[in-house]
Amino acid sequence: MQVEMPSALCLARMELNGLGFSDKESEHLKNILQAKLHTLEEEAYRLANHSFSLTSREDVAQVLFVELKLPHDGNSEDGQATKRKTLGVTRRGTSRGTKHLSTNKDVLEKLKPLHPLPGLIIEWRRINSALTKVVFPLQKEKCLNARLKMPRIHSMSQTHTQTGRVSFAEPNLQNVPRDFDITLPTTIAESPPPGACDEKSSSKRGRRRASRQSTMNIRPGTNLTGAAPNFAVSMRNAFVPFKNGVMFAADYSQLELRLIAHLANDERLRRILNGGGDVFRMIAGELYRVPAESIKDGQRQHAKQVCYGIIYGIGAKALGEQLGLVEEEAALFIDKFTSRYAGVKKYLKETVEKCKKQGFVKTVTGRKRFLPAINSPNVHAQSQAARQAVNTTVQGSAADLVKTAMVNIDRRLTEEFPSCVMTHRHSSPDLHSNRSKPRGRRSKCEVPPPVGGYFVLQLHDELIFEVSVNDLRSVALIVKTEMENAMKLSVVLPVKMKAGPSWGNMAEFEL
């Protein structure tokens, strides 16, 4: 509990700093995604031989399961059953019985080998979600900062989560996705072709646009010859620092795994974590019983999923689905891990048993979470509480550690750079003095640029700062030192650092 009040002050400073936002980059991204969306719509209309609403689950079900006669669950043997369930036409021309048919991602993934339309719908939903849930809301939330002469977005932090992790709202900047690739043709249509929208569907969706073609304005260097190129979309590129500043990020490596090694006092796992090198590759080497240097990327990924799956109580069936293995093979992986790291297995069992006796669990700083369902007669509720007990001790302890580091960094930065006490949203003393002067006699001197480092975002185990380019090395040293020494544990806490001209464009940075 001792870190809650200081962290509230630190997070308040972060909210007032906000995150710089580039209108130019945001518009560029929006244009690309909208153009891609229109192209996908045209192709969908062509495959269906008519226009329909891609936002309507019933329209999509009508096209896939009635008109194209695709099996409703991806199993071709059920095709006849699907036809029987969707017989009958309403007055509006749509089939009866499509309401109960699912068009979620799992179903569409199963249908992809049978027809190109399901995969296209998945891609359309992905692009549409990026626009409606990220790009448009961010553009709406921006506000101009007169002091820095740039738009900024001020998100609201929340610390009352069950595990103690920091979350955000209005907008949730933690949900801004990483880069993803889309395929762009050289010429992109902005609306359906002439005649593609019939009268009914046109009135339903209000489609009144004339058909036109436009050539996308792609950045220099993008290859547009021959086959359709892949274009890396980075929504994080729209977040930029103040003038003469850089974005700087510091991220803990395998923090939750290191905490469970400390809490469980597992000597074998601690030795691996303290030995340096690629942790998951070394764990995979022990699981597969081969030298770590012989481990392939797929095997490393398996080891990573097994580690975190076991920590958070995932079963063999669910783990098998994640790894693409049958349940028996996944169970073998779990057995190998728990027998290899017996301290972890013992800790998980003892944590649940202790929670059943006390009714609560504690994080590494002593913060409690009560779980009354741990003794519920309902098996499902009890199992969920048992998973929450382990999750809280590990993830909650990680949240406490990050908050401690965050508070210590904030204290050190304001000591080293006194001007950092004043956030970007505070008025400059120079502006106050100008306001006191008679109109027409105000000084035209520029507000001095910010110096030092400003905390702008927390992404769970990662802290992001906006730093004056001249002070980058000094700020990086403070951040790295305080993060790696936030708590005295039996495992080291290595931190990886990155810096660059935007949140989405940062490269590894070393002191």
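Select K69 to begin: this residue follows helix α3 and has a positive phi, near 60°. The structure on screen is a predicted model, and the tour proceeds from this point to the helix itself.

Next, select helix α3, residues 57-67. The helix is mostly covered, with 8 of its 11 residues buried. To see them, display the side chains of D59, V60, A61, Q62, V63, L64, F65 and V66, which are the buried residues in α3.

**The open sheet**

Now select β1, β2 and β3. These 3 strands form an open sheet in the order β1-β3-β2, with antiparallel pairing. The edges are held by β1 (19-20) and β2 (143-145); each has a single partner strand, so one side of each lacks a neighbour in the sheet.

Turn to strand β3, residues 150-153. What covers its two faces can be judged from the side chains: M150 and R152 lie on one side, P151 and I153 lie on the other, and all are buried. As background, side chains in a regular strand alternate between the two faces of the sheet.

The pairings of β3 can be followed one at a time:

- With β1, β3 pairs in the antiparallel sense over 2 bridges. Select L19 and I153 together, since I153 in β3 is the bridge partner of L19.
- With β2, β3 pairs in the antiparallel sense over 3 bridges. Select L144 and find P151 in β3 standing opposite.

Follow the chain between β2 and β3 as well. The two strands form a hairpin with 4 residues between them. Within the turn, select K149, which has a positive phi of about 60°.

**The loop before α13 and the charged patch**

Move to V326, located in the loop between α12 (316-323) and α13. Is this residue buried or partly exposed? Its relative accessibility is 47%, so V326 counts as partly exposed. Add A316 to the selection: its C-alpha atom is separated from that of V326 by 8.8 Å, and the two residues are 10 apart along the chain.

Proceed to E327, in helix α13. Because its relative accessibility is 43%, E327 counts as partly exposed.

Finally, select E321, E327, E328 and E329 together and display the surface; these residues gather there in a patch of negative charge. Which element supplies the largest share of the negative patch? Helix α13, residues 327-340, does so with 3 residues.

Terms used
Residues are numbered from 1 along each chain as its sequence is written. This is a predicted model: local features need pLDDT of at least 70, side-chain atom pairs count only at pLDDT 80 or more; totals for chains, interfaces and linings use all residues. Side-chain values use heavy atoms; hydrogens and water are left out. Patches are made of residues with over 30% relative accessible area and no salt bridge: like charges are joined within 9 Å, nonpolar side chains (Val, Leu, Ile, Met, Phe, Trp, Tyr) within 5 Å. Accessible areas come from the Shrake-Rupley method with a 1.4 Å probe; for residues, only the protein chains shown count as cover. A salt bridge is a side-chain nitrogen of Lys or Arg within 4 Å of a carboxyl oxygen of Asp or Glu. Lys and Arg count as positive and Asp and Glu as negative; His and the chain ends are not counted. The place of a charge is taken as NZ of Lys, CZ of Arg, CG of Asp or CD of Glu. Buried means under 20% relative accessible area, exposed over 50%, partly exposed in between (1.4 Å probe, protein chains only). Two strands pair if DSSP finds at least two bridges between them.
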